[in-house]
Amino acid sequence: MGWKKLVGLVGVFLMAMAVFVAAATISNVVWENAITEPDVGYAADIIEGQPATINITILKSDGQPFAPANFPPNTTLTVRGRFVDEYGNAIDMTGDGVPDIWNFTNTSTPGLWTATINVSNVQPGMYTFEISAVATNSTTGAIIDNATLREQIWVAGGPYWVAIANVHDGQEIRIGSFNFTITSLSDVGAILTLPNLTALTLTDNDHTGILAFQRDVTGDGASDWLMFIKSTDEDNNPVYNLYIYSKDASLLDDFNQSTIDFYRTKGNMIVFTNRVFKDPNDNYKAWVAWDNSLLAKLGIKAVDYYIIPVRGREHWWERGAPAAHEDVKIIKRTTYLWGLFGNDKVVYEGNIFGKNVNIDNVLKVFGKFAGNNALFDTRNWRWEIKKAMGDITIPNDYDLQGRELRDLAIDDDLWRGFNPLKTSKHGFFSESVDWENLLGLANDSEGS
Ligand SMILES: [Ca+2]
Ligand SMILES: [Ca+2]
């Protein structure tokens with residue numbers, strides 16, 4: 001073989017490679033009537049029964065818009081989307097047993113394609129949506145150009161859902177008139193005891209870490225989804241969170257977790273369950289762990305803790321199963337000589353949902369319950385946790401006091417020595433916390 005021939009072959013090979021590499025591209029996915037914010041990086045959320053529109057930009061392999069004008073006359077352009085299983089087969093997303101295909105249409109903007117997807121009667125969860133764009137010679141059937149894009153999509157079972165973190169054996173779950181007890185819950189499956197004492201067994205056949213069943217828990221005659229979804233706690237231990245999806249707004253009201261008030265543990269700690277951090281009327285509630293020890297009573301030294309929910313919807317939302325945000329700041333206020341000396345310090349800042357936040361082995365905060373609500377805007381939808389509750393554990397020589405943020409500012413009883421919201425400067429007290437801003441009293445841009 002002469003060197004010219006070799007170069008020629010290499011050249012052909014490189015050209016073949018170039019054709020193979022330079023396929024069309026699908027990019028710039030823009031959703032309408034789906035939830036893509038407040039945090040990018042999560043899969044888009046679409047809601048069962050609510051049509052969502054997906055817009056995509058497709059470019060030919062030569063970079064021109066994937067549009068009829070940029071192809072020879074006898075070209076057929078097909079752009080379609082399908083939800084696919086792990087083998088790439090289209091699946092049924094409407095409950096009629098027939099796999100579904102959504103055809104995209106070319107908009108007036110060349111290369112901008114759009115489709116409206118409506119799923120129904122599917123189990124909530126993460127799904128793979130595969131979009132393919134193919135240009136075919138309509139005479140020969142030969143493929144001229146093509147592109148594929150796979151998008152992860154979270155399908156929510158309704159615009160209302162509640163999540164309970166870290167549910168466990170023996171726990172009783174009450175929603176309106178429906179209730180059940182978790183008899184056992186593990187990787188193998190779950191056994192639940194329903195009201196009429198019948199047992200319901202759930203198994204994780206497909207090993208997804210999801211155990212799901214349907215019941216009408218809101219009493220409107222329509223089934224709601226109940227799902228145990230495996231997750232991990234802050235120590236990476238496996239836990240199960242319970243998610244309940246509904247199309248019935250009363251779900252959030254029905255979910256009454258306030259039956260238990262408090263109990264004592266063996267270690268002289270008191271657990272206050274189901275304390276509200278945020279209610280559906282956008283009231284945020286702070287909790288103060290007030291030091292009642294002998295030293296504190298004598299005015300010598302006291303350590304008080306303030307659990308302050310961070311205001312603003314961007315701090316209270318859930319996306320998909322593992323992503324929950326219930327942001328609080330915990331301030332430790334140490335005072336000496338009746339508050340003459342002391343300091344404030346932020347000792348925790350961040351999410352509490354499903355976390356056992358332990359401060360100094362004195363205060364423990366566990367974000368336990370989130371009642372999530374889809375907010376329908378003109379184009380962009382959002383989730384907001386309308387109702388958030390948690391468990392707070394304190395030693396038995398502490399008191400737990402709850403106040404709405406604004407009330408905390410005016411209530412002198414909950415400030416040892418002096419109220420920083422009323423006294424701007426205090427001689428021996430080193431201030432490092434912007435209380436006004438934290439409680440939403442500063443002419444806030446941060447609040448909702
Ligand atoms: Ca179908
Ligand atoms: Ca229902």
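**Group meeting: two sheets, a core and a loop**

Okay, let's start with a hairpin: E6 and E7 make one, with 5 residues between them, and Gly111 in that turn has a positive phi of about 90 degrees. Keep in mind as we go that this is a predicted model.

So how are E6 and E7 joined? Strand E6, residues 105-106, runs antiparallel to E7, and 2 bridges hold the pairing. One of the residues involved is Thr105, whose bridge partner in E7 is Thr114. Now look across at E3, because Thr114 turns up again there as the bridge partner of Asn55. Next door, Ile54 has Ala115 in E7 as its bridge partner. Overall, E3 (residues 52-59) and E7 (residues 112-117) run antiparallel and are joined by 6 bridges.

Put that together and you get an open sheet of 4 strands, E1-E3-E7-E6, with antiparallel pairing. E1 (25-32) and E6 are the edges with a single partner strand each, so each has one side without a neighbour in the sheet.Right, second sheet. This one is also open, with 5 strands in the order E2-E9-E8-E4-E5, and here the pairing is mixed. Its edge strands are E2 (44-47) and E5 (102-103), each of which pairs on one side only. If you want one pairing to look at, take E4 with E8: residues 75-84 and residues 125-137 run antiparallel, with 10 bridges between the two strands. As a marker on the screen, find Thr78 in that pairing, and you'll see Val134 of E8 standing opposite. And a general reminder while we're on strands: in a regular strand, side chains alternate between the two faces of the sheet.

Let me zoom out for a second. The protein chain has 5 helices and 29 strands. There are 448 residues in the chain, and 33% of them are buried. As for contacts, if you take the ones between residues at least 6 apart in sequence, 59% join residues at least 24 apart.

On to the core. Which residues touch the most other members of the largest nonpolar core? Out of 95 residues in that core, the answer is Ile46, Ile58, Ala163, Ile244 and Ile307. Let's click on Ile244. Leaving out neighbours within four places in sequence, Ile244 has contacts that include Trp161, Val162, Ile175 and Val217. The list for Ile244 also has Asp224, Trp225, Leu226 and Leu251.

Ile307 comes up again when we move to Val328. That residue is in strand E23, residues 323-336. Is Val328 buried or exposed? It's buried, because there are 25 C-beta neighbours inside 10 Å. Setting aside neighbours within four places in sequence, Val328 is in contact with Phe277, Ile307, Ile308, Pro309, Val310 and Ile352. Also, Ala286 is 42 residues from Val328 in sequence, and the C-alpha to C-alpha distance is 9.2 Å.

Last stop, Phe418. Where does it sit? In the loop between helix H4 (405-410) and strand E29 (429-430). Phe418 counts as partly exposed, since it has 17 other C-beta atoms within 10 Å, and the cut-off for buried is 20 or more. Trp338 is 80 residues away from Phe418 in sequence, yet their C-alpha atoms are 9.0 Å apart.

That's my tour, so over to you for questions.

Definitions and conventions
Residues are numbered from 1 along each chain as its sequence is written. Chains are lettered from A and ligands numbered from 1 in the order in which they are written. This is a predicted model: local features need pLDDT of at least 70, side-chain atom pairs count only at pLDDT 80 or more; totals for chains, interfaces and linings use all residues. Two strands pair if DSSP finds at least two bridges between them. A nonpolar core is a set of buried Ala, Val, Leu, Ile, Met, Phe, Trp, Tyr and Cys residues joined through C-beta atoms within 7 Å. A residue is buried if 20 or more other C-beta atoms lie within 10 Å of its own, exposed if 12 or fewer, and partly exposed in between; C-beta atoms are placed from the backbone. Two residues are in contact if their C-beta atoms, placed from the backbone, lie within 7 Å.
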